[in-house]
Each structure stands twice: as C-alpha cells, then as structure tokens.
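Biologist: Please take me through this model by way of its contacts and its sheet. I will ask, and you can reason from the coordinates.

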Amino acid sequence: MHSPFLPSIAEQLFRDIQKIYKETSQIPDEMLIALKFVYGPCALQALDLVDQRSVTCVSSPSGRRAFQVTGGSGRIYTCFVSCHFCPCPAFAYTVLRRNDGLLCKHLLAVYLSQAMGVAQQEAVSDREMSTLLSGTAF
Ligand SMILES: [Zn+2]
C-alpha cells in the first residue's frame with residue numbers, strides 16, 4: 001500500500017500495524033499512541049469505526065474500487081483512497097481548507113481496515129460503481 005498523500009512515517013505506521021496485526025490480531029499500545037500522535041483525536045474515532053466494521057470495500061469487475069464508511073450518525077461516506085478524498089465536512093475543513101490534518105476519521109478508518117485486513121468486501125457491477133461515483137456529493 002503506497003499513497004503519495006501520506007508522509008512516510010504515516011505509511012510506515014500502517015505497514016507496522018499490518019505486520020503485527022497479522023501475527024497477533026491486536027494493535028499494541030505503543031502503536032495506538034503513535035497513531036494518536038500522528039493523527040490526533042481522529043485516530044480513536046477511526047479505530048471505533050474499524051471495530052464496528054463500518055468500512056466496506058466496494059469493487060467492480062473493471063477493477064475500480066471505492067470504500068464506504070458508515071459514520072457515527074449512520075450516514076455513509078464514499079471515500080477514494082486512490083485520490084485521497086472523503087466527502088465529509090471534516091475533510092473539507094481540516095484537510096482541504098486549513099491544510100492542518102492528513103485525513104479525516106473515515107479515510108483513516110479505511111487505511112486501518114486495509115492494514116488490518118478487516119474491511120468488508122462487496123462486489124458491484126460496473127454500472128452500480130458508476131452510480132456510486134457520480135452520486136458522491138461534493
Ligand atoms: Zn471523512
């Protein structure tokens with residue numbers, strides 16, 4: 001997993017989590033602290049989303065992928081890891097406008113579920129994927 005949008009320390013953290021979670025099915029305390037250090041308060045919220053299995057990886061036959069994250073309010077956000085985008089207000093405000101955060105809790109939950117291998121998988125047709133992509137509210 002490589003993202004041009006994340007600093008290497010953040011990527012390394014995901015790689016470490018991936019490795020250790022595979023072996024122990026747990027994230028050790030020091031990595032939780034590192035997550036909080038790198039991502040601030042949204043780290044714990046993202047872990048909650050992961051624990052609640054709120055992340056679904058949606059893929060279509062043509063190979064397109066998107067992630068759907070069910071937020072605390074029950075709203076579903078469609079996130080795109082490939083372009084590092086989430087349509088939620090926090091992403092727009094913190095990441096895009098103020099440029100003082102790397103990502104929102106939804107995108108972080110997506111990265112974490114991928115690293116931990118716990119994202120739900122859902123296959124859709126190419127047509128459904130197009131609807132999903134065009135239905136994203138900006
Ligand atoms: Zn978001």
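Biologist: Which residues in α5 do Cys42, Ala43, Gln45, Ala46, Leu47, Leu49 and Val50 in α3 meet?

Modeller: The model is predicted, so local features need pLDDT of at least 70, side-chain atom pairs count only at pLDDT 80 or more, and totals for chains, interfaces and linings use all residues. Residues are numbered from 1 along each chain as its sequence is written. Helices are DSSP runs of H or I with at least four residues, strands are runs of E with at least two, and both are numbered from the N terminus; contact means that C-beta atoms, placed from the backbone, lie within 7 Å. On that basis, the α5 residues met by this group in α3 are Lys105, Leu108, Ala109, Leu112, Ser113 and Met116.

Biologist: Why is α3 called oblique to α5?

Modeller: Axes are lines fitted to C-alpha atoms, for helices over the stretch in contact, and angles run from 0 to 180 degrees between N-to-C directions. The axes of α3 (residues 42-51) and α5 (residues 105-116) come within 8 Å and cross at roughly 55°. Angles under 35 degrees count as roughly parallel, over 145 as roughly antiparallel and 65 to 115 as roughly perpendicular, with the rest oblique. That crossing therefore makes α3, relative to α5, oblique.

Biologist: What is the order of the strands in the open sheet?

Modeller: Strands pair if DSSP finds at least two bridges between them. β1 (residues 55-59) pairs with β2 (residues 65-70) in the antiparallel sense over five bridges, and with β4 (residues 120-123) in the parallel sense over four bridges. The pairing in this sheet of four strands is mixed, and the order is β3-β2-β1-β4.

Biologist: Which are the edge strands?

Modeller: An edge strand here pairs on one side only. Neighbouring strands of the sheet are turned by 25° against each other on average, direction ignored. The edges are β3 (76-79) and β4.

Biologist: Which residue in β4 is the bridge partner of serine 59?

Modeller: In the pairing of β1 with β4, valine 58 stands opposite glutamate 122. For serine 59, the partner is alanine 123.

Biologist: What radius of gyration does the chain have?

Modeller: The value is taken over C-alpha atoms, and the globule rule is 2.2 Å times the number of residues to the power 0.38. With 138 residues, a compact globule would therefore have a value near 14 Å. The chain agrees with that, at 15 Å.

Technical notes
Contact = placed C-beta atoms within 7 Å.
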